[in-house]
Structures are given as C-alpha cells and as structure tokens.
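Q: Please take a close look at the salt bridges of this model, and then set them in the context of the chain around them. A connected account would be preferred to a list.

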Amino acid sequence: MMERQAGRTAGSHGGPATALAQGAPPPSRAAGARARRGQVLTTRVGLQMPELMAYDEWERAGRQLADVLDSSSWWLGDWLVYGKDHYTDRYQRGIRAVGLSYQTLRNYAWVSRRFPHPRRRAALSFQHHAELASLPAEEQDRWLERAERQQWTTKQLRSALRAARRSEQQPPAAAEAPQRLDLPGSRLQWWHRAAEQLGVDFEQWVTATLDSAAATALRDPDAAGAQREVSAPRDAGALPAPSAGVPAAGAGAGGAAGGGAAGGGRRVGAVAVSA
C-alpha cells in the first residue's frame, strides 16, 4: 500500500513520460529499454533516466521526487505516532527493525503531533511546518497562512520569524520625561489668579502664554530681546502686585488675554509647572 501511495504521489504532476515507479526492482534489460523510451524509473540505488529527455520533463521529475521526499517525512512521523500510541512496549523494536535513526523519526513524529491532518498545508513543505512547530496553534495557522499566501520558501519563513522575534524583544521606547521648573509659590499663586480672572484652565493658560512668547521670539528675535517689561493687560488690571521677586505684570496674562506679546524677558523651555 505504501508503494502504491508513493507511486500515485510521484505521478500526480506528469504523464507517463515522467511517471516514477516507487520501489521498483533492480533494473533489467526491459527496464533499461523503458528508460530509453523516456520513462524515469526509480530503483533502490538510483534513477534510470532516458538517454534523451527534454528539460521540462527533467524538471517535472525533480518536482515529483521532492514531493515524495517531503511526503515521506509526514508518513514516517505519522507511522511513529501510531506505533507509540498503540504499541507502547514494542514500537522501539519496530524502529530498530526499520533501521532508521530514532532521533530523526522522533523529530518527524513531534511535528506530526503538532499539526493534525486538517491543519497541514499541502502547498507548504514539511520543513515549513517544522519551523513553526514550537508555536501555539493560533500563531502556527497565522504564519502558515502568510507563508502560503506570499509563497515563501523555508528560508524566507525563517527570516520572517527571526525578524518578528527581534521586534518583540526590543523594549518599547521610553516616553520623554517632562522637565520641571522650580518656581516660588508666590509666583504660582500670581499666575493662578491671572488664569482665574481670565476664566481659563491654569495649565492651558501657561501653555498658551509660553507658546505666544516663543512665537514672538522666533518671528522677531530682536524685538523680543528688547521687550524686557510688559505692562499688565487691561483684563488683569485689578490684580494686586506680586510679592518680592515677582515681575510687576503677569508674564502670560497679556498673551492669554490679548494674544499678543508676553513673557517678561524670561525664555523657558518645555516645562511642567505644578502648583
């Protein structure tokens, strides 16, 4: 039965001119005559190739042989899985009788167990599946789908897996920590009162004021440098004067209220101001 199955697989891609007879006996004169007529014959010790063979037929025969080789990995894996499940105390004797390496068969069996028949992709090789055998089933199916859709070779699949693993291992970029500016409490109170009088959120007021000052400085650095003092805006005229060390006018009230110049001569970078 195994020989008939191998013969069907071998001959599935071509006509009689490239049919492979799996498990054929040693070549005889008749076999040699058939090979000369254009038929590729398999023997235990090699292939009987026709004397004159078109390239397309030679390539087709190679694909058939590769199919048989790939299928045999699944066959041997399933064979060992069956033996281990049904002949627990005797399957190793069967392995010795077959004469194949136990390690090789165990690898085949491991891949076969990881991929039940319905999840195996006929368009992909046994080695494609072996590359993915250690992954969870959902990831296996996702990678098999990608490999089949993009027609990846085994090497391309392996490279894609490595790239994905490297990406997962890289630590996420740390968010830039905000800089803090230490200010006297009296100045913060002064700014809070200015924002309250204008009816705006304090943090929004600070941001708008600094943005306005920065825009003025970038548009006209000379004018911004000359403007060292800014009179208090009309909207904030009722505010009391700040305590010692605080400018006579709120640095940002003018910017928030009138949208014009502000800043009192201090240039401040990106800061987080807390009350």
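**Salt bridges and their surroundings**

A: Glu59 has a relative accessible area of 32% and is therefore partly exposed. In this predicted model, the side chain of Glu59 forms a salt bridge with that of Arg63, at 2.8 Å from N to O. Arg63 is likewise partly exposed, because its relative accessible area is 40%. Both residues belong to helix H3, where they stand four residues apart, about one turn of the helix. The Arg63–Glu59 pair is one of nine salt bridges in the structure.

Two further bridges involve the loop between H5 and H6. The side chains of Asp141 and Arg119 meet at 3.1 Å, N to O. This pair connects distant parts of the chain, since Asp141 is in helix H7 and Arg119 is in the loop between H5 and H6, 22 residues apart. Asp141 counts as partly exposed because its relative accessible area is 29%. The other bridge joins Arg121 to Glu145, at 3.2 Å from N to O. It also links distant parts of the chain: Arg121 lies in the loop between H5 and H6, Glu145 lies in helix H7, and 24 residues separate them. With a relative accessibility of 38%, Glu145 is therefore partly exposed. The Arg121–Glu145 contact does not stand by itself, for Arg121, Glu145, Glu148 and Arg149 are connected in a network of salt bridges.

The helix that precedes this loop, H5, covers residues 102–114. Its 13 residues reach 18 Å from the first C-alpha to the last, close to the 18 Å expected at 1.5 Å a residue. Leu105, Ala109, Val111 and Ser112 are the buried residues of H5. Viewed down the axis of H5, the buried residues fall within an arc of 165°, so they line one face of the helix. Their packing partners are helix H3 (55–86), helix H4 (91–98) and helix H6 (126–132). H3, the helix that holds Arg63 and Glu59, is thus one of the elements packed against the buried residues of H5.

Beyond H7 (137–150), Gln151 occupies the loop between H7 and H8. The phi angle of Gln151 is near 55°, a positive value in a residue other than glycine. Gln151 is exposed because its relative accessibility is 67%, and the cut-off for exposure is over 50%. Thr154 belongs to helix H8, which comprises residues 154–169. In contrast to Gln151, Thr154 counts as buried because its relative accessibility is 17%, and burial requires a value under 20%. Neighbours within four places in sequence aside, Thr154 makes contact with Ser125, Gln127, His128 and Glu131.

H3 also takes part in a nonpolar surface feature. Leu47, Met49, Tyr55, Trp58 and Leu65 form a nonpolar patch with about 490 Å² of accessible area together. H3 supplies the largest share of this patch, namely three residues. Met49 comes from the loop between strand S2 (46–48) and H3. Met49 is partly exposed because its relative accessibility is 35%.

Further along the chain, helix H9 (residues 185–198) contains Leu188. Leu188 is buried because its relative accessible area is 8%. From C-alpha to C-alpha, Leu188 lies 9.9 Å from Phe202, with their positions 14 residues apart in sequence.

These details belong to a chain with twelve helices and two strands. From the N terminus, the order of the elements is α-α-β-β-α-α-α-α-α-α-α-α-α-α. The chain has 275 residues, of which 29% count as buried. Among contacts with a separation of 6 or more, 53% are between residues 24 or more positions apart; the Arg121–Glu145 pair, at 24 residues apart, is a link between distant parts of the chain. The chain exposes about 18,200 Å², and carbon and sulfur atoms supply 52% of that area.

How values were computed:
Residues numbered from 1 in each chain as written. Predicted model: local features only at pLDDT ≥ 70, side-chain atom pairs only at ≥ 80, totals over all residues. Heavy atoms only, no water. Expected span 1.5 Å × (residues − 1). Buried < 20%, exposed > 50% of the residue type's maximum accessible area, 1.4 Å probe, protein only. Arc of directions from axis to C-beta. Contact = heavy atoms within 4.5 Å. Salt bridge = Lys/Arg side-chain N within 4 Å of Asp/Glu carboxyl O. Patch = residues over 30% accessible without salt bridge, like charges linked within 9 Å, V, L, I, M, F, W, Y side chains within 5 Å. Areas by Shrake-Rupley, 256 points an atom, 1.4 Å probe, with all protein chains shown as cover.
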